[in-house]
Amino acid sequence: MKLMWFHLMPYTELPEDFRDANPSVWVDIHSSLFDPKRAHLMYNDFMDELEYAAEVGFDAVCVNEHHSNGYGLMPSPNLIAASLARRTTDTAICVMGNSLALYNPPTRVAEEFAMIDCISGGRLIAGFPVGTPMDTCYAYGTNPSQLRQRYHEAHDLVIRAWTEKDTFAFNGRFNQQRYVNIWPRPVQNPHPPIWVPGGGSVETWRWCAEMNYVYCYLSYYGYKAGRATMDGFWSEMDRLGKDRNPYQAGFLQFVGVAESRQQALDLYSEAAEYFYGRCLHVDPRWATPPGYTSEGSQRAGIESQIRQAADSGVRGKSTGERFASVAREMDAIVEKGYVIIGSPNEVAEQLREVATQLNVGHLMLLLQYGNMSKDLTRYNTKLFAEQVMPKLKDVHARWTDHWWPQPMETGQRAEVPAYMPRLAAE
Amino acid sequence: MTEPETLTIDVNGFPTRIWRKGSGPKIGFLAGFGGLPRWVPFLEQLARSRTVIVPSLPGFPGGDRGHSVLDSHLDWLLAVRDILDQAGLSGADLAGSSVGASLAAEVAALWPATIGKLVLIAPFGLFDEKNPPTDPWAQRGDAVPGLMCADPEIWKALKSPPEGANSIEWPIEQVRANEAAARIFWPLGNTRIEKRLRLIKAPTLLLWGEQDKVMPRTYAEVFAKGIAGPTTTRIIAGAGHLAELDKPAEVAREVLGFLEAG
């Protein structure tokens, strides 16, 4: 299976009383809390951490897009990805991803992803999220009633921009462009693999199944809460007669590994409580723009509440309700499975169970979260790479990953940086 | 209060409800934010002396998913034009509230010959940075009733499912109404209607709830100044944004008085 290292890039110095003194970490978080000179150091730490993860052998480094967000400092993940393309050599670069409806014209996404694919020699995974309500409808002002229609149209435009050989006119419902002809074109043929992070809507499951895209559930609530969603995806795949290839799925999981469970609790509680306490403090008024949730998903949610089905805790609830009911103390955080902690053996065992039970071939691991320091992040990352990763490599071994980047041959690729060859990793 | 007669028309392929009640000269009514999931006392009051015709707007209760094919402001205005014609309201007096008032004003501007008198209750369509409307789509659920009505219980009663309603579809229909309003007015509510007000030639009554927490009352002056026809402005004491729900008798009295005056 693939083990991928994901960074959210949280602002690490939100004040202790953030929750009480501020309405929200997202959309209207106050600018006085942001110190650009501290952010300079944070960004550089975060990029060091991503590069380090690549160095110690993670299969991919992952970045994502958020706007006006105190726990996600990447309005443009493509900037970070471009830098990673130069600072890593063989690691896949997973941009998870660009919220298609926010780009005008969406051709911009086709271009920038093609640039990253060229610079990296074909190592890009192209993530296409719809984007959260906070990012898309409020921070960026996109009409919630048109968001999904615009997303799908933008997707069609990007695919055509990547694959059509001749200049074409795009005559869309929302986008009209007389001359579409992107330079550069992606290295990967026909285009980088497409992964779709989704929330748990039937429409997204069906779409990923039909389009043969990877479905990713990027939840902050761990494998216990994620089970119902992934089960939903797989039953939709079954219904459509598709293979249960675990590589068609991705799942996000927080992890803290140490010498022992107690040591892990001692080391990671502060960072986890910072994340679940301060970073997920989102005002519910930013969570439910009307039309964002499809009527099919609303219906499924209400039905699930009525049945009190196993997934009612996830599917019947709005983003706001989920944020409001989140556990914020370490005992509950661990008990609910938000963060998996323990010795390398204990962590490996739990992750094996996650990968098997959820049938997921791509685990996206958050080994930095909240205000975790660079040293602790490095420790967590190193211990994971050295002592957890080898224990998981055999999981799903009988399946082939058809959704992984196909880079250029090593011999064909540029030496970077060419004028100052890097020293061998320690 | 008895139920109105219900007709169904086709608008862009979507079945669209039209209520009709009473006798006498016709008056059309376009509902406000949230639409009308049920007949309300305000309409009953009007029906005592008028033929009240209430077409649903696309996506609002009774309007199915008609909003989903309307992408531009022109699409919306053409749909409303079509609805008014099919409802037999061409040439009749027209009233609207909130989002419906904005569309009524647009129709009066674009097709002045098809409108008798015009009544606008706290219309959407303007945005003043120094005095912005409240964002109706960025609210905690429990804040909405008190935002729309001075008496939150009135909104709650309007929106609570009646006996025998489909417990799954009813709440979805109420969310859809908010979505339909968002589809026209997201994100600021600013349709630049200001530029078209001068085309409104109809005598116009502007009504504003004294306690309107959504639309600043100063916007009434912008409408009054901009509209080319003669305007009268009245403030409804004790009413919120949807004044016709809070104070049905008072609003109906103002409307009927205005329509009947020479």
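The following exercises, each with a worked solution, concern a predicted model with chains A and B.

**Exercise 1. Strand β9 of chain A**

Determine whether strand β9 (residues 249–257) of chain A is enclosed or open to its surroundings, and identify the strands with which it pairs.

Solution.
1. Begin with burial. Nine of the nine residues of β9(A) are buried, so the strand is largely enclosed by the rest of the structure.
2. Next, separate the two faces. One side carries A:Ala249, A:Phe251, A:Gln253, A:Val255 and A:Val257, and the other carries A:Gly250, A:Leu252, A:Phe254 and A:Gly256; both faces are covered.
3. Then list the partners. Strand β8 (residues 214–217) of chain A pairs with β9(A) in the parallel sense over three bridges, and A:Cys216 has A:Gly250 as its bridge partner.
4. Strand β11 (residues 362–366) of chain A runs parallel to β9(A) and is joined to it by five bridges; here A:Gln253 is partnered by A:Leu365.
5. Strand β10 (residues 339–342) of chain A is also parallel to β9(A), with four bridges between them, and A:Phe254 is partnered by A:Val339.
6. Finally, relate the strand to the core. A:Phe251 of β9(A) is among the five residues that touch the most other members of the largest nonpolar core, which has 210 residues.

**Exercise 2. The sheet of chain B**

State the strand order of the eight-stranded sheet in chain B, and explain why β1 and β8 each have one side without a neighbour.

Solution.
1. The order is β1-β2-β4-β3-β5-β6-β7-β8, in an open sheet with mixed pairing.
2. β1 (5–11) and β8 (231–236) of chain B stand at the edges with a single partner strand each, so one side of each has no neighbour in the sheet.
3. From one strand to the next, the twist averages 20 degrees.
4. At the β8(B) edge, the pairing with strand β7 (residues 204–209) of chain B is parallel and spans six bridges; B:Thr204 stands opposite B:Thr231 there.
5. Helix α9 (residues 248–260) of chain B packs on the sheet, touching β3, β5, β6, β7 and β8 of chain B, and its direction makes about 165 degrees with that of β7(B).
6. Helix α3 (residues 99–110) of chain B lies across β3 (26–30), β5 (93–97) and β6 (118–121) of chain B, at about 145 degrees to β5(B).

**Exercise 3. Backbone geometry in loops**

Classify A:Val27 and A:Asn212 as buried or exposed, and locate the cis peptide bonds at A:Gly97 and B:Pro187.

Solution.
1. A:Val27 lies in the loop between α1 (18–21) and α2 (36–55) of chain A. Its phi is near 75 degrees, a positive value in a residue other than glycine.
2. A:Val27 has 21 other C-beta atoms within 10 Å. The threshold for burial is 20 or more, so A:Val27 is buried.
3. A:Asn212, in the loop between α7 (202–211) and β8 of chain A, has a positive phi of about 65 degrees.
4. A:Asn212 has 12 other C-beta atoms within 10 Å. Because 12 or fewer counts as exposed, A:Asn212 is exposed.
5. A cis peptide bond joins A:Met96 and A:Gly97, with omega about 10 degrees; A:Gly97 is in the loop between β3 (92–95) and α4 (107–119) of chain A.
6. Another cis peptide bond joins B:Trp186 and B:Pro187, with omega about -5 degrees; B:Pro187 is in the loop between α6 (169–185) and β7 of chain B.

Technical notes. Residues numbered from 1 in each chain as written. Chains lettered and ligands numbered in written order. Predicted model: local features only at pLDDT ≥ 70, side-chain atom pairs only at ≥ 80, totals over all residues. Core = buried A, V, L, I, M, F, W, Y, C linked by C-beta atoms within 7 Å. Helix = DSSP H or I, 4+ residues; strand = E, 2+ residues; numbered from the N terminus. Pairing = 2+ DSSP bridges. Axes fitted to C-alpha atoms, helices over the stretch in contact; angles between N-to-C directions. Contact = placed C-beta atoms within 7 Å.
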